[in-house]
Amino acid sequence: METPLPKATQKRQVTAIIILLLLWEVGGAVIKYSVLEERHSGSFVANLAKDLGLGLGELASRGARILSRGNKQHLQVEHKSGNLLLKEKLDREELCGDMDPCILHFQVLLKNPVQFIQGELQLQDVNDHAPEFLENEILLKISESSHTGTAFPLKIAQDLDVGSNTVQNYTISTNFHFHLFTRNRSDGRKYPELVLAKELDREEQPELRLTLTALDGGSPPKTGTSQVLIMVLDINDNAPEFARQLYEVQIPENSSIGSLVITVSARDLDAGTHGELSYSFFQSSSQVIQAFEINTVTGDIRLKKMLDFEEIRSYRMEIEASDGGGLSGKCTVAIEVTDVNDNAPELTMSLLMNDIPENTPDTVVAIFGISDPDAGDNGKMMCYIQDHLPFLLKISVENFYTLVTEGALDRESRTEYNITITVTDMGTPRLKTEHNITVLVSDVNDNAPAFTQTSYTLSVRENSPALHIGSVRATDRDAGANAQVTYSLLPPLDAHVPLASLVSINPDNGHLFALRSLDYEALRAFEFRVGAADRGSPALSSQALVRVLVADDNDNAPFVLYPLQNASAPCTELVPRAAEAGYLVTKVVAVDGDSGQNAWLSYQLLKATEPGLFGVWAHNGEVRTARLLSERDAAKHRLLVLVKDNGEPPLSASVTLHVLLVDGFSQPYLPAPEAEAADAAPPAPLTVYLVVALASVSSLFLLSVLVFVAVWLCRRGRAASEGRCSVPEGPFPDHLLGVSGTGTLCQSYQYEVCLTGGSGTREFKCLKPLVPNIMGEGVGTDTEENSSFRNHLGFN
């Protein structure tokens, strides 16, 4: 039972036929040529370019090829001249046998664009074979009672040539009893026939020997001879007669050797030796004698060798039955060889492209022909490939197919296809042939490099030159040079950033390097773009954003804003002797240009005239009394305060404070001793930065200071002396005693600014907090706070 093809396969075949009819250009005309057999290889046949209407260069540019059925190539094309030449010496008898005319079919394939032209080459016969009798002697028995005019057919001569070059006439040697006539058989061949012209007399001449000559139609004619031995027999009244004059039989080509084909039977009414029959082939070709044998007694015809339908499809033979008296009868046996499906289809690959570029639709992958020498349904074929492949089979002409891509291929999706071309016949059972091809998809530069991230954030420490700060990476899905990526820096987003002097990139691996030391205080972060381009043609590229954060190093020591070390005269802080423990003397204000923990400041009292009397709050730089003051304490004190950041390693700065213990605030301002003033460092001009910082901080409090000074002047009526600071009497407002732990100026403090008496300078003479003259009202309220402060400093 036949297995039906899948619907998808049937649909694919129907689609291929429709596309062929609608889209494909196929040559409709047939070019025909003829050439004599036995011509040497390279002999000229015709000018193919001229016959196709093409220029000389077009045959080469369009990739012209000659295709023949099977693997036999008889012709070749010379691209330079456009000539069609014989590829080898051709023998008509070998290629076509006795078939006339002998036509060899071929196709002309033009690859670009694909076009087929049908062609026929007729191989003309030359008289290269002489007639030949299969037997050197022909025995003929004739009764002496035979009447004149009786005809006796003789065996024919074989000639492999055809047409006029085959046997055309027969002659017999001169004699008195017989004439020879040349007769035509039903198959067109000629045979000799002897006609009795004069009665025979056995007693006078018991036998005759004649020479039979066969002549072909060549110029000059070629001949072949055989001896005819005529034996004169005694009277025989009855000749053998066959039951049928024509026997027809069919035999499968796969019949085994020795198989019975048919049995012929004749009878003779005579008795004795005149009635004994013997069967033999008469006027049979060499093909018949090679393929069959006959039993001389029974008349059984059997196979002598295996038959091949594809080689010889029918046989016709004459059978002679002879009796013992020399009389004979004849019949014809026609044998038809029936085909069996014993040949699987053959596939001949004419063109194969194993490497197909991607993104190119309707690309020709292969051109091939299929053939099956069987007949009928056994020779009908169908061709298909697997489903779900982006390829399509298109039928062209004479069982030639073209395999093309159904659409554009994508190498990044699939790099290789294994295609099985299946050819099956329609015989029973069905035979099939499979041919496997591998198609590689070559790369086209259709993918731009892609960065692993759309943006990169890198960090680099300041003050580190030529440092590898990170890498960017891009990948390309293409292959070969199309996937080799080169990195580069693109123009900066901010034109003010000197990118070329800041970073560089390794074009091969995307490593980024800092070209010089970066200063966090000058440039904390910057952005730029990195490009990645492949080396394909044309080159494709992409870009990514890179943000570089400069990590801070501890490269800036703390800077003390108050008290100023470069003032023309050092400031002296006044502390009443009645102050209890925790009394706020002043606050050391410092800043650090670094950030993070590098800018976290801590304060400590490094050196004091009288240890244990004063303490410094570590977090905000407030200087307070550590215990209750007494009359025995010295009036003048010098404190050395250390300001240290939290960097690694830590950096520090120090400042000197002068503290003067006074009995209330009625005493005039006492300047620092001359010796101490001499030790102070000579003042240096303030930078614009410090002036702006001090002015912005001090201006917030200046208004408050002036208001309180005016109130104090009204109450006391005292005028400030030239070059001295005036201090208000009475309790200091509670809301102005707030403390901040941040290490910077707090808005809760009120400061008095004393300027130098001279003009022409913008330097501050001193900057100190205003403290109350009389502590009576604030003693009780500050006791808890002072006690807490003493405990914090470690004083009892």
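**Figure 1. The whole chain, with its 8 helices and 53 strands.** This is a predicted model, so read the views below with that in mind. Of the chain's 796 residues, 45% count as buried. Take the contacts between residues at least 6 apart in sequence: 69% of them join residues at least 24 apart. The accessible surface adds up to about 39,900 Å², and carbon and sulfur atoms hold 52% of that.

**Figure 2. A look into the second largest pocket, about 580 Å³ in volume.** There are 29 lining residues here, and those closest to the pocket centre are L140, K141, E320, G326 and S328. Sorted by class, the lining comes out as 11 nonpolar, 12 polar and 6 charged residues.

**Figure 3. The strands that help line the second largest pocket.** Five to pick out are β9 (137–143), β10 (151–153), β21 (278–282), β24 (314–322) and β25 (328–338), each of which supplies at least two lining residues. Strand β9 chips in the most, with 6 residues.

**Figure 4. Close-up of Q158 in strand β11 (residues 157–158).** Q158 counts as buried because its relative accessible area is 16%, and the cut-off for buried is under 20%. Leaving aside residues up to four places away in sequence, Q158 touches A130, P131, E132 and L134, along with R189 and the run S284, S285 and S286.

**Figure 5. Q158 and H129, paired up for distance.** These two sit 29 residues apart in sequence, while their C-alpha atoms are 9.6 Å apart in space.

Terms used
Residues are numbered from 1 along each chain as its sequence is written. This is a predicted model: local features need pLDDT of at least 70, side-chain atom pairs count only at pLDDT 80 or more; totals for chains, interfaces and linings use all residues. Side-chain values use heavy atoms; hydrogens and water are left out. On a 1 Å grid over the protein atoms alone, a cavity is a set of points where a 1.4 Å probe fits but cannot get out, and a pocket is an open set with protein on both sides within 12 Å along at least five of seven lines; lining residues have an atom within 4 Å of a point. Grid points are joined across faces, edges and corners, and a volume is the space filled by probe spheres set on the points. Helices (H or I, at least four residues) and strands (E, at least two) are DSSP runs, numbered from the N terminus. Ala, Val, Leu, Ile, Met, Phe, Trp, Tyr, Cys and Pro count as nonpolar, Asp, Glu, Lys and Arg as charged, and the others, Gly among them, as polar. Buried means under 20% relative accessible area, exposed over 50%, partly exposed in between (1.4 Å probe, protein chains only). Contact means heavy atoms within 4.5 Å. Accessible areas come from the Shrake-Rupley method with a 1.4 Å probe; for residues, only the protein chains shown count as cover.
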